[in-house]
Amino acid sequence: MSIDIRIGRLDRVNRRTTNSGKAVTNFTVVQTITKRDGGTFDVFHRCVAWGDLAARIPDDGARVVVVGRPGVNRWTDNDGNERRDHETTAQSLEVIDEGAGQPQGAGYSGEQSQGYGGGSYSKQE
């Protein structure tokens, strides 16, 4: 099984609910890379979280570690071109810097029912 680990700051957090009532949050993890010459550039990683974890994603700006399954979305654009884009389906999230006012070190994962500040935990499979 492949696993993605994304470390960076949250951006473009978009919370919604499906027609069946399930929570889903799409977000981007922005990773700043330092080049050998001292310059920097940002890499944007698309992520999605479902259910209880989706409801617990902090606001933009929080620094996080996201662990999840890699996936590829494929579609055909209006011009008939095949397109694809990579996305991580989050299985756990660890806040490593408050950034947007969340408690430091608060972790969220899978089916956990505790609120913010519950510490680190992972989904049992």
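Helices and strands here are runs assigned by DSSP, where a helix has at least four residues and a strand at least two, and they are numbered from the N terminus. With that in hand, you can read the protein chain along its sequence as the pattern β-β-β-α-β-β-β. In other words, the chain holds 1 helix and 6 strands. Please keep in mind as we go that this is a predicted model.

Let's begin with the chain as a whole. It has 125 residues, and 34% of them count as buried. Its accessible surface comes to about 7700 Å², and carbon and sulfur atoms account for 42% of that. How far apart in sequence are the residues that touch? Taking contacts in the protein chain between residues at least 6 apart in sequence, 51% join residues that are at least 24 apart.

How confident is the predictor? The mean pLDDT of the protein chain is 81, and 78% of its residues reach 70 or more. Among the elements, strand β3 (residues 40-50) has the highest mean pLDDT, 95, while strand β6 (residues 107-109) has the lowest, 45. Over residues 100-125 the pLDDT is below 50, although this stretch has 64 contacts in the model beyond near neighbours in sequence.

Now follow the chain from its early strands. Strand β1 covers residues 4-17, and it pairs with strand β2 (residues 23-34) in the antiparallel sense over 7 bridges. One of the matched pairs to look for is Leu 10 with its bridge partner Val 29 in β2. The two strands form a hairpin with 5 residues between them, and Gly 21 in the turn has a positive phi of about 95°.

The next step along the chain brings another hairpin. β2 and β3 pair in the antiparallel sense over 11 bridges, and in this pairing Val 30 stands opposite Phe 44 in β3. There are 5 residues between these strands too, and Gly 38 takes a positive phi near 95°. A positive phi also turns up in a residue other than glycine: for Arg 12 the value is near 55°. Arg 12 lies in strand β1, and it counts as exposed because its relative accessibility is 52%, above the 50% cut-off.

Stay with β1 and β2 a little longer and look at two asparagines. Asn 14, in β1, is partly exposed because its relative accessible area is 40%, which lies between the cut-offs of 20% and 50%. Leaving aside neighbours within four places in sequence, Asn 14 is in contact with Val 24, Thr 25 and Asn 26. Thr 28 is 14 residues from Asn 14 in sequence, and their C-alpha atoms are 9.4 Å apart in space. The second asparagine, Asn 26, lies in strand β2. Its side chain makes a polar contact of 3.1 Å with the side chain of Arg 16. Not counting residues up to four places away in sequence, Asn 26 touches several others, including Arg 12, Asn 14, Cys 47 and Glu 87.

What lies inside? In soluble globular proteins, nonpolar side chains tend to be buried together. The largest nonpolar core here has 15 residues, and those with the most contacts inside it are Leu 10, Phe 27, Ile 57 and Val 64. The elements that give two or more residues to this core are β1, β2, β3, α1 (51-55), β4 (63-76) and β5. β5 provides the largest share, 3 residues. You have already met Leu 10 as the partner of Val 29. Leaving aside neighbours within four places in sequence, the contacts of Leu 10 include Phe 27, Ile 57, Pro 58 and Val 64.

We finish in strand β5 (residues 82-97), where Asp 85 is found. Is Asp 85 buried or exposed? Asp 85 counts as buried because its relative accessibility is 16%, under the 20% cut-off. The side chains of Asp 85 and Arg 46 are joined by a polar contact of 3.3 Å. Beyond its neighbours within four places in sequence, Asp 85 is in contact with Arg 46, Gly 71, Val 72, Asn 73 and Trp 75. Asp 85 and Trp 75 are 10 residues apart in sequence, with 8.9 Å between their C-alpha atoms.

Terms used: Residues are numbered from 1 along each chain as its sequence is written. This is a predicted model: local features need pLDDT of at least 70, side-chain atom pairs count only at pLDDT 80 or more; totals for chains, interfaces and linings use all residues. Side-chain values use heavy atoms; hydrogens and water are left out. Buried means under 20% relative accessible area, exposed over 50%, partly exposed in between (1.4 Å probe, protein chains only). Contact means heavy atoms within 4.5 Å. Accessible areas come from the Shrake-Rupley method with a 1.4 Å probe; for residues, only the protein chains shown count as cover. A polar contact is a pair of N or O atoms within 3.5 Å; within protein, one must be able to donate a hydrogen and the other to accept it, and residues adjacent in sequence count only if both atoms are side-chain atoms. pLDDT is the predictor's confidence in each residue, from 0 to 100. Two strands pair if DSSP finds at least two bridges between them. A nonpolar core is a set of buried Ala, Val, Leu, Ile, Met, Phe, Trp, Tyr and Cys residues joined through side-chain atoms within 4.5 Å.
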